[in-house]
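Visitor: I am new to this structure and would like to understand how its descriptions are reached. Could we look at it together?

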Amino acid sequence: MGHDEMSRPLAEARDYERRMESFVGEGERLCFHLTPRVGWMNDPNGFMFYQGMYHLFYQYNPYDTKWDTMHWGHAVSRDLLSWDYQPAALAPDQHYDDKGGCFSGSAAELPDGRQLLMYTGVGAGERKPDGTLADLQVQCLALGDGRDYVKYEGNPVIDASSLPEGCSSEHFRDPKLWQAADGSWRMVAASMDAQGLGQVVLYRSDDALSWEFVSVLAHNDGRFGRMWECPDLFALDGYDVLLLSPQDMLPEGHRFYSGNGTLCLMGHVDEQGVLAEESARVIDHGMDFYATQTTLAPDGRRVMVAWMQNWDCTTGVDPDHYAFGAMTVPRELSVRDGRLCQWPVRELDAWRRNPVRCEGVLLDGEPTALPGVSGRVVDLLVHVRPQDAERPYEEVIIWFAQNERFHCSLRYRPHHGTLKISRDHAGTRRAFVHHRKCDVQDATPELDLRIVLDKYSAEVFVNGGQQALTMIIPTDLTADGITFFARGGAVVDVEKYDLAEPTPGGAC
Ligand code: FRU
């Protein structure tokens, strides 16, 4: 696309990000997690493998570290861990369709080789009783070559008039499309029903351009928050898996947490396009995880990323920073015992350096640091077992990102079967959520943890990925201590690697 064909808002965004990206200090970027080129990032969009590279787009406001009129940022990678920025892909520039923002969506390759982006255009809707204009959300397309995209002249391709009676035209967004085995196309999107509750709707198309409504795939029915966002439907290991992100959740024990959450519904989609649900669980129990999106890798792996943030925690913006937001490490999904499991992509194994192994370390009442086990860009594997099989320990604690003043922690209590992740003492200056507990599935006194740290983030995978907990850490990088502690006699086997890009020199 020549500069002349490009809209002014897109040309300006591209120019701005090129000029400003160097203001984002290296210290602000994570080593193997995608951060915005400059400014603000939220949801992952358009995640796919195209022309030999993984493409990951993102909700993007280049101009500030706050959410505002949404663009699509863009990056590409060969290993899902080391990303190169591409120029911004979409800007809000269509007067009728998306002047209010190019909201979340997805991507696919057309039979003719072009890349298709499907996104929610936000325009001005009806005048509300208070005189302000409601948003109008419609689904739009853009076509391109992996770098430059032209918005489709037939936009919008779907509007709320295709939805069942009473559904909101203000809350109809986040299309996720894919090609079915017979070459036809499917798409799921989030919608609000006549009761003001979330639902996921299914569409179909023969050519990916012209779409028809099929069904309401899944209903909230007042169970999981209010509006739902960012749905994704795929087949995995004999199940149909629907991932989504509910807003305004109410807490339920350690199963669901208040605020913006995530949800995995598993079951089977019938001929009418309705999901018969067999289970409903949180996807990640941490505080900073929202808006998942998956893609199918060329080798058949189903890989998920999410925004490593949450709307309820975004007051933690550092005023001196030029970038805010990050993606999680991409995670391979599988189903084990009817549950969704997640594990960092195997490409991360190639980043492991300097192995340290400490086997059979007895912990009994004294905080214990182990030689060579420290750092903030590390892959840490810990196996915990009781010293005396007859008398399990009371608790095991792992402190990390630790110095004399600050620490984060993971605490496991086998009697309660709970694992708690905490940044209560990590130096956060705002009072958002700082800890969470989850009930460990099939808890026993033996526990396997994988803790992946990348400077300001911690991603914890429990018992081979049966559960995960993700959080952002505000603490200065000099807080790099890792200490183990048990009350009541526990033994740990620890394996630790530094993580660095597998290139000569390899530093982050
Ligand atoms: C989810 C979300 C989406 C929307 C986007 C706007 O975080 O609210 O529903 O498309 O963010 O940036």
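Visitor: How do the residues of the shell around the ligand divide into nonpolar, polar and charged?

Guide: In this predicted model, the shell around the ligand holds six nonpolar, three polar and four charged residues. Here Ala, Val, Leu, Ile, Met, Phe, Trp, Tyr, Cys and Pro count as nonpolar, Asp, Glu, Lys and Arg as charged, and the others, Gly among them, as polar. Residues are numbered from 1 along each chain as its sequence is written, and side-chain values use heavy atoms, with hydrogens and water left out. Because the model is predicted, local features need pLDDT of at least 70 and side-chain atom pairs count only at pLDDT 80 or more, while totals for chains, interfaces and linings use all residues.

Visitor: Which of the 13 residues around the ligand come nearest?

Guide: Those that come nearest are Asp 43, Gln 59, Arg 173, Asp 174 and Glu 229; a residue is near a molecule or strand if one of its heavy atoms lies within 4 Å of it.

Visitor: What makes the approach of Asp 174 to an oxygen atom of the ligand a polar contact?

Guide: A polar contact is a pair of N or O atoms within 3.5 Å (within protein, one must be able to donate a hydrogen and the other to accept it, and residues adjacent in sequence count only if both atoms are side-chain atoms). A polar side-chain atom of Asp 174 lies 2.6 Å from an oxygen atom of the ligand, so this pair meets the limit of 3.5 Å. For Trp 311, a polar side-chain atom is 2.9 Å from a ligand oxygen.

Visitor: Why is the pair of Phe 32 and Trp 351 called edge-to-face?

Guide: Rings of Phe, Tyr and Trp (its six-membered ring) pair if their centres lie within 6.5 Å, and planes under 30 degrees apart count as stacked, over 60 as edge-to-face and the rest as tilted. The centres of Phe 32 and Trp 351 are 5.8 Å apart and their planes stand at 65°, so the pair is edge-to-face. Both Phe 32 and Trp 351 are buried, a word that means under 20% relative accessible area, with exposed over 50% and partly exposed in between (1.4 Å probe, protein chains only).

Visitor: How do you know that the charged end of Arg 450 sits over the ring of Trp 343?

Guide: A charge sits over a ring if NZ of Lys or CZ of Arg is within 6 Å of the ring centre and within 35 degrees of the ring normal. The charged end of Arg 450 is 4.9 Å from the centre of the Trp 343 ring and sits over that ring.
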